[in-house]
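Work through the exercises below with the structure open. Try each task before reading its solution.

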Amino acid sequence: MHDMEEKEEHNEGIVERENKGKQNMLIEKDEEHSKWTHIPSDILEMIMKRLNLIDFLRTSAVCSSWNATFTEAIANKHIKPLPELPLVILQSHRISISASSILSIKLEEIKSVCSSWNATFTEAIANKHIKPLPELPLVILQSHRISISASSILSIKLEEVCSVINKNTMLLDSHHIYHGIVEGWMILSISLFVGTAKIIFFLNPITSDVVIVPSPLKFPSNSPIPSTSNLKMGRMVASSSPKCKDCVLVCLFTDYAHIAYCRVNYDKSWTMIEAKGDACNFRDMEFFNGKLYVRTYMSSNSMLVYNLQDSTDNPPNPIVLGEIQPIRPLPESRTHENQTHVKGNVFRFLTTGHAAEELLLIYLFMNSVFETDKVGYMNDIKQYTSPPQVTNCEVFKLDTRSNKWVKLDHLGERVIFLGSNKSYVMSRTLLNCSEELIAENSVYFALYFRCPEPWLNPQLGRLCLTDNKIKYFSLEESGVELDAYPSWFIPSVW
Amino acid sequence: MAEKASPSSNSISLKTVDGKIFKVSPAIANQMLTIQPLIKDSDSSTIISLPDVAAFHLTKIIEYLEGKPAAAPSAVDAFEAQFVKDLSPEELKGLLIAVGYLKVNGLVDLMANTVAKLIENKSVEYVRKFFGVVNDFTPAEEAKCRQEHAWAFDGVDED
């Protein structure tokens, strides 16, 4: 036995772990506690990568040693939380701080993620550490999409942005402040007086980081577009997070005839691209493989591809990509007793795959009925007899070798979330979700139809491509304001 | 399987921090990746000391390695579910540390998954209590942490 003990001494040197296992044991008092405060970071990391984003973030506040592990994980990106389902953001038309919500879909039900906003906000205003809306327009941003714990860090960031506004002019228009999403960043703008530039910025609601695009966006004075026109900035896409040196931000205007782009960290001004030819206009766009793919509507449908990163031409010349899939069957429109029945109308969405490995073009078909005499300017429908109803969906994938669009018969492991500002494709395997949570071969949609009489509720639903069955998620029960347009968002720390 | 038949001839002796000695077959010991390199050079007189592993935890580790069904994933799932069900939170925590230290095949994933599930959607206070972690932040530091990720500190489950 004595002999063995000697051997043991010898072996202990080898076996003993490098970290201070022994040191811990010296702390006699409350040994168990000290052991866990100094939990080996490799073990903590094993737990952290099995947590969803919110639980992952919470580990930062447990104690200083956990915080150190967390901070390192954020810096090195070697430990990431579990992949998340996208959230639905409802942006209200009314500029009311309590009128927007973030929802998540859980087990076929909509769960309000942030239920305590209003109370916190009311308190914030009562304590005056956040000023009321007209003076602090950026509070609106918060209200739309951030869990309103109204932290002072946020208001510091807000003041930064506000000082920029105050130098220029007062705020006029708070609409259309939300333009799109890139990674964990929302792309937002502040509208100033007509004719002055708009300030565009990125906001990460998780970290409260704000990146202001240094060059404001405005049309050059020699532009043929009158400053009083109805022109607005529509959807925006970016090639990467604004923290990336090469980030290119692109804006599609609502006249569908202009695109402006800016290399966020280099360019002093925006470059304008104009749609050429009478019947040509820009409908949608997405970055794929570092290039901007623009869906156009010409006499035939085609796709333009711009290389904005390295372009020396001004404006850059696109490559024209072959025709996109025509709509089959063609939409039908019949008018009967002052009612127009539209069958097979199509909404199209352009989006990249979950790892940006593919480009998808998705056709969502729908039927609707509206009053024939209630059609306004630009074919805006003022009143629906029967609001648009999704009927079916077709998904096409760009074959990068032949540059042709190939129809997918089955989504395979993809699950698609369609929204007008941002669509997501996610991997069912990576989500590791149960069947009842994320159904196979399914497309989730968050749609909003402009129509003033009455305001139409946003439609949130799921279409199964196998049998074209649709399940709608009821928004009424979740107690949110309904005159809001929805959009998907996946928060991220990076 | 030959090792199992004659455990006395070439079994491996493992000594826990509380001084208990366990004799295990090389097949079992080889699944503890941390001590794997030591097994090759050891003979029946060697005792490998495990300074971070208590007898209770080693018992559970051996129970897991010996009891885990070889085939059918469904049988493995059932066995693993029962294995963690029998453990108290306190035992789970200790076992996770031991398993993480020894890098036990399969058990690392099981323990980390189980612990992660237990702190799902729980408050920071709950996590501290669960792990017995002492909060060493000053109030200002803690407030700063929470502000940085305000998104995460709302709407947790009741403990």
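**Exercises on a predicted model**

The model is predicted.

**Exercise 1.** Describe the secondary structure of chain B.

Solution. Start with the inventory: chain B has ten helices and three strands. Next, put them in order. Along the sequence the pattern reads α-α-β-β-α-α-β-α-α-α-α-α-α. For chain A, the inventory is ten helices and 26 strands.

**Exercise 2.** Check the length of helix H6 (residues 73-85) of chain B against its expected span.

Solution. Take the 13 residues of H6 in chain B at 1.5 Å a residue, counting one less than the number of residues. The expected span is therefore 18 Å. Now compare the end C-alpha atoms of the helix: they lie 18 Å apart, which agrees. Then look at burial. H6(B) is hardly covered, with one buried residue among its 13.

**Exercise 3.** What percentage of each chain is buried?

Solution. Chain B has 159 residues, and 33% of them are buried. Chain A has 494 residues, with 38% buried. Now turn to contacts between residues at least 6 apart in sequence. In chain B, 62% of these join residues at least 24 apart. In chain A, the figure is 51%.

**Exercise 4.** Locate the largest nonpolar core.

Solution. Count first: this core holds 78 residues. A:Leu249 and A:Val250 have the most contacts inside it. Strand E18 (residues 359-371) of chain A gives the largest share, seven residues. Apart from this core lies another, of 52 residues, including A:Val62, A:Trp66, B:Met32 and B:Val104.

Note on methods
Residues numbered from 1 in each chain as written. Chains lettered and ligands numbered in written order. Predicted model: local features only at pLDDT ≥ 70, side-chain atom pairs only at ≥ 80, totals over all residues. Helix = DSSP H or I, 4+ residues; strand = E, 2+ residues; numbered from the N terminus. Buried ≥ 20, exposed ≤ 12 C-beta atoms within 10 Å, placed from the backbone. Contact = placed C-beta atoms within 7 Å. Core = buried A, V, L, I, M, F, W, Y, C linked by C-beta atoms within 7 Å.
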